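I opened this notebook to record what I looked up, step by step, for someone who has not seen this structure before.

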Amino acid sequence: MNIAIIGAGVSGLTTAYYLMKNAPAGTVNITIYEASAIIGGNADTVEVSLPMPDGSLKSRWVDFGVNDFNLSTYTALVTLWEELGIMQDMGQSCPESSYCSPLIDTESFAFPGQNNDYAYRYTVQADGSIVSPPGSTAKADILYNDIQMFEKLLAQWYTDHKPEKDYHISVAEWLAMCNYRFSEDFINYNLYPRINGMYFTVEQPIGSGIPVPSAMPMWMVGHYYILQEAYGQKITPDCPRQYFVGGSVRWLDVLATTLVGMGVTIQSNTPIDAIASSGDQMVVVLPGGSGAFFDKVVLATHADTTLKLMNYNFSGDTMVQLLGGFNYSTCPIYIHQDPRFLAQRDFDCTYNIHAYDYTQQLPTFPYTISYIVNYHQNDPAAGINDPLFFLSINPYWTQGQAPANMLNFADGSGPAIGSLSHCTLNTTSLNAQIGIFDIQFLEQADRQYYFCGSFTVGAGLHEECILNSIDMATKILNPSWVPPGVSKGGKRDSAPQYILDAIKRMEAKKKG
């Protein structure tokens with residue numbers, strides 16, 4: 001069976017790995033096409049030049065995309081790393097690997113107020129405690145109790161409520177189900193900013209005054225808190241929260257090298273013009289009009305990119321129509337040394353999140369997240385004397401202008417300005433996920449093409465990409481297979497098993 005995989009990001013590379021791992025020897029041939037010169041997709045690691053006190057320049061790395069994960073919940077990633085030989089001592093509470101290290105996890109939340117004075121501000125420390133600095137109007141005790149209650153009720157909702165209708169409950173509806181047991185401060189200056197920061201829910205003026213995060217499906221929101229935050233557990237002696245040392249693309253390079261050793265062909269710098277069907281084969285149309293024929297094609301690209309490739313002769317296809325339910329946009333990213341981009345200056349925090357008034361008219365970019373790269377991604381012990389530098393996402397008040405003290409890319413290509421293409425997750429995209437899942441996994445038929453790009457499952461986190469790739473490879477090799485826990489009639493629980501398993505592990509750990 002000859003298979004083409006379009007895209008060499010997390011989804012494309014891991015799908016190739018599980019196909020090669022699980023197929024009988026010599027039965028599968030895989031070619032991966034990647035439009036970029038490098039692999040990784042949204043796992044985009046760049047090198048920047050950091051000015052040192054003595055006037056020299058030091059090369060430092062920065063990830064534009066997600067750069068952290070949770071050892072207690074990313075069980076598929078950990079297992080894959082074991083198989084790749086880059087994670088050892090899994091019997092230990094804190095396994096050893098040079099590819100990850102414990103993350104410094106502190107967060108500041110600040111509301112500019114009418115005079116941009118940030119009179120409302122607070123910090124969530126690594127142990128979960130709340131610090132409200134002198135002069136702040138934030139009430140630390142109330143916020144702490146609300147966060148603890150949120151963790152408890154979120155886990156309870158996932159484990160107790162399973163009817164299919166729960167799939168579409170919004171954040172606002174969930175808060176109503178909880179009898180509004182949270183303060184407005186928690187909702188407006190913790191929960192909503194976190195939703196915006198993870199899901200980019202607000203990037204256009206809405207005019208109605210309705211807080212867009214409140215309309216998000218609570219199901220999607222829970223993915224982030226449970227998988228990434230372990231629903232609120234902070235750094236513990238078991239060090240579950242980790243960052244990718246050297247950048248997220250570093251471990252993907254190991255995977256790519258492994259794939260080549262398994263016989264997979266990876267063609268970088270090879271953009272695809274279109275995907276077409278020709279009888280019982282699929283055609284990958286290459287630049288210049290030449291075509292390569294395959295038995296199956298796996299599209300591991302963003303849905304909008306997949307649509308452009310598939311519209312060649314799949315315009316009436318149900319899968320293609322569902323792919324139109326994903327709405328993508330792009331946010332700017334700056335790497336700089338301008339401390340004004342920190343939401344508050346009382347502490348050096350990993351994340352600095354600017355909140356805003358969710359009841360008023362919204363600007364084009366109504367939130368900004370800045371983090372100190374030295375703390376978030378780079379080992380502070382190794383660079384203890386390095387000047388601080390920051391990454392800012394959606395720095396809207398600059399009105400498109402670069403902040404002061406911009407860093408430059410280490411290759412001399414110019415200021416370290418980038419962008420992140422992402423899916424604005426909402427009810428429409430959730431319905432698209434469900435529809436695509438039903439077609440690909442519940443129909444017991446052999447398909448010519450599959451879609452497993454980012455955001456195919458849940459929030460599109462690395463763990464979810466890997467889990468989906470495992471299922472995708474299983475389905476391709478055995479078309480009659482149906483994922484366990486999902487009936488063939490399409491009825492499903494409101495939470496997938498990997499989410500429920502994560503909660504069970506955490507609850508058992510607390511009791512133990």
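The entries below go from the whole chain to a small sheet, the nonpolar cores and the salt bridges.

**Entry 1: the whole chain**

I noted before anything else that this is a predicted model, and I read every value with that in mind. I looked up the secondary structure and found 13 helices and 22 strands in the protein. Of the 512 residues, 57% are buried, and the protein exposes about 20200 Å², of which carbon and sulfur atoms supply 51%. I also checked how far apart in sequence the contacting residues lie: among contacts with a separation of 6 or more, 73% are between residues 24 or more positions apart.

**Entry 2: a sheet of three strands**

I then turned to an open sheet of three strands, whose order is β4-β3-β20 and whose pairing is antiparallel. The edge strands are β4, residues 57–63, and β20, residues 408–409, each of which pairs on one side only. Between them I followed β3, residues 45–51, which pairs with β20 in the antiparallel sense over two bridges. Looking for the residue that faces Asn408 of β20, I found Ser49 standing opposite.

**Entry 3: nonpolar cores**

Which residues touch the most other members of the largest nonpolar core? In this core of 135 residues, I listed Ile30, Trp81, Leu154, Trp174, Trp251, Ile275 and Val284. I picked Val284 for a closer look and, leaving aside its neighbours within four places in sequence, found contacts that include Ala4, Ile6 and Tyr33, as well as Ile272, Ala274, Ile275, Phe294 and Val297. There is also a second, separate core of 23 residues, which includes Phe64, Leu103, Phe389 and Leu391.

**Entry 4: salt bridges**

How many salt bridges does the count come to? I recorded nine, and I went through three of them one by one.

The side chains of Arg60 and Asp386 meet at 2.1 Å, N to O. Arg60 lies in strand β4 and Asp386 in the loop between α10 (373–376) and β19 (390–393), so this salt bridge ties together parts that are 326 residues apart in sequence. I wanted to know whether these side chains are covered: Arg60 has a relative accessibility of 7% and counts as buried, and Asp386, with a relative accessible area of 10%, is buried as well.

For Glu229 and Arg241 the salt bridge is 3.3 Å, N to O. Glu229 sits in the loop between α6 (218–228) and β10 (241–244), whereas Arg241 belongs to strand β10, and the two are 12 residues apart. I checked their accessibility too, and both Glu229 and Arg241 are buried.

The third pair is Lys296 and Asp446, whose side chains meet at 2.4 Å, N to O. I placed Lys296 in strand β15, residues 296–299, and Asp446 in the loop between α11 (427–442) and β22 (449–451), 150 residues apart. Is each partner buried or exposed? Lys296, at 5% relative accessibility, counts as buried, while Asp446 has a relative accessible area of 54% and, because the cut-off for exposed is over 50%, is classed as exposed.

Finally I looked for salt bridges that share partners, and found that they join Asp68, Asp105, Glu107, Arg194, Glu229 and Arg241 into one network.

Conventions:
Residues are numbered from 1 along each chain as its sequence is written. This is a predicted model: local features need pLDDT of at least 70, side-chain atom pairs count only at pLDDT 80 or more; totals for chains, interfaces and linings use all residues. Side-chain values use heavy atoms; hydrogens and water are left out. Helices (H or I, at least four residues) and strands (E, at least two) are DSSP runs, numbered from the N terminus. Buried means under 20% relative accessible area, exposed over 50%, partly exposed in between (1.4 Å probe, protein chains only). Contact means heavy atoms within 4.5 Å. Accessible areas come from the Shrake-Rupley method with a 1.4 Å probe; for residues, only the protein chains shown count as cover. Two strands pair if DSSP finds at least two bridges between them. A nonpolar core is a set of buried Ala, Val, Leu, Ile, Met, Phe, Trp, Tyr and Cys residues joined through side-chain atoms within 4.5 Å. A salt bridge is a side-chain nitrogen of Lys or Arg within 4 Å of a carboxyl oxygen of Asp or Glu.
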